[in-house]
Amino acid sequence: MNIYEFLAARQRKTAYPRSGEPSFFREHAHLLSNHEAWEPWMSPKSPFEVIRSNIIIRSLLNKNAIEKLYFTYERKTERREEASLSLGSYMKSGMSDLPYLLVEGKRKVYVPFFPKSLNLFYESQFEKLGVSPYRRLIDEFEAALVDPFDYYGHALFDSYFTRLVPIKKGEKLLFAYDYDAESAYLIDEEGRLEVGIALFDDALPSPSRAHMAERLLKVAEAYFAGDREGFYGALVSTKLISGKTMGEYLSLRNRLKKKEDRRDG
């Protein structure tokens, strides 16, 4: 058993089932049944997988909202309503609360299951949605899909598509905190979970959730430095894991190592 499995087994009970991300998933999961492409996201098995499913759902909600705005404007224009308001101004106003991923420092990606080129039609070139062949993106878009996690990487988890708190970014990894699940995640450049760190074990009396970013940064720095003992120490010194539980793990690790040494010897 590694440290991550050990901490997951010892995490104290959380309010996760009633928190924001699982509640959002339960409310909107039915949208994933509308297309075969979404089948892999319909039954997430962990809090991190719920986040990934919710990114797909939020992307789909964005797509539907932007298309509805565009065709509403087109109908108003045909009836000469609000003719003085430009398409761009109308769309930007209606999209002001939609989540997005910022790429290249300025471009907003609203539909990350589409590549950057097609996202232009959902960010600024809205008129393309009304003409062939791009109009087919409304209903027949499966051929245009990309895996958003492969395509955009861990940047998706440092965007408005999630509630994660980014703690430290590396070239290939993002260290982020999940308030809902009370866990830290190391997310790789393919948007997959490298490791999850369950915090606040059952031996930690009255755990504090204050200044989490500062405390987790010490843990992240040790992890990125490849300092295993420093990583263990940072979890304890920041009171994210109790000394008792860490001591139990280190004792177990040492016993297993001795057993392996005897077997190999």
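Which residues of helix H1 (residues 3-10) are buried? I looked there to begin with and noted Ile3, Tyr4, Phe6, Leu7 and Arg10. For me, buried means under 20% relative accessible area, exposed means over 50%, and partly exposed is in between, with a 1.4 Å probe and protein chains only. Helices (H or I, at least four residues) and strands (E, at least two) are DSSP runs, numbered from the N terminus.

A note on what I'm working with: this is a predicted model, where local features need pLDDT of at least 70 and side-chain atom pairs count only at pLDDT 80 or more, while totals for chains, interfaces and linings use all residues. Residues are numbered from 1 along each chain as its sequence is written, and side-chain values use heavy atoms, with hydrogens and water left out.

**Back to H1.** I looked down its axis: the buried residues fall within an arc of 160 degrees, so they line one face of the helix. That arc is taken from the directions from the helix axis to the C-beta atoms. An α-helix has 3.6 residues a turn, so residues three or four places apart point the same way. At the start of H1, I found a side-chain oxygen of Asn2 within 3.0 Å of the backbone nitrogen of Tyr4.

**Cores.** I next looked up the largest nonpolar core (buried Ala, Val, Leu, Ile, Met, Phe, Trp, Tyr and Cys residues joined through side-chain atoms within 4.5 Å). It has 53 residues, and Ile66, Met91, Phe114 and Phe157 have the most contacts inside it. Helix H3 (47-78) is among the elements that supply at least two residues of this core, and H3 gives the largest share, 12 residues. Apart from this core I noted another one of 29 residues, among them Tyr4, Leu186, Tyr232 and Ile241.

I also checked Phe114 for contacts (heavy atoms within 4.5 Å). Leaving aside neighbours within four places in sequence, its partners include Lys63, Tyr122, Leu137 and Tyr152.

**Salt bridges.** How many salt bridges does the structure hold? I have 17 in my notes, each a side-chain nitrogen of Lys or Arg within 4 Å of a carboxyl oxygen of Asp or Glu. Arg163 pairs with Glu21, the closest N and O atoms being 3.9 Å apart. That pair links distant parts of the chain, 142 residues apart. Arg163 is partly exposed at 48% relative accessible area, whereas Glu21 is buried at 3%. Arg163 also meets Asp180 in a salt bridge, 3.1 Å from N to O, and Asp180 is buried at 10%.

Definitions and conventions:
Polar contact = N/O pair within 3.5 Å; in protein donor to acceptor, adjacent residues only side chain to side chain.
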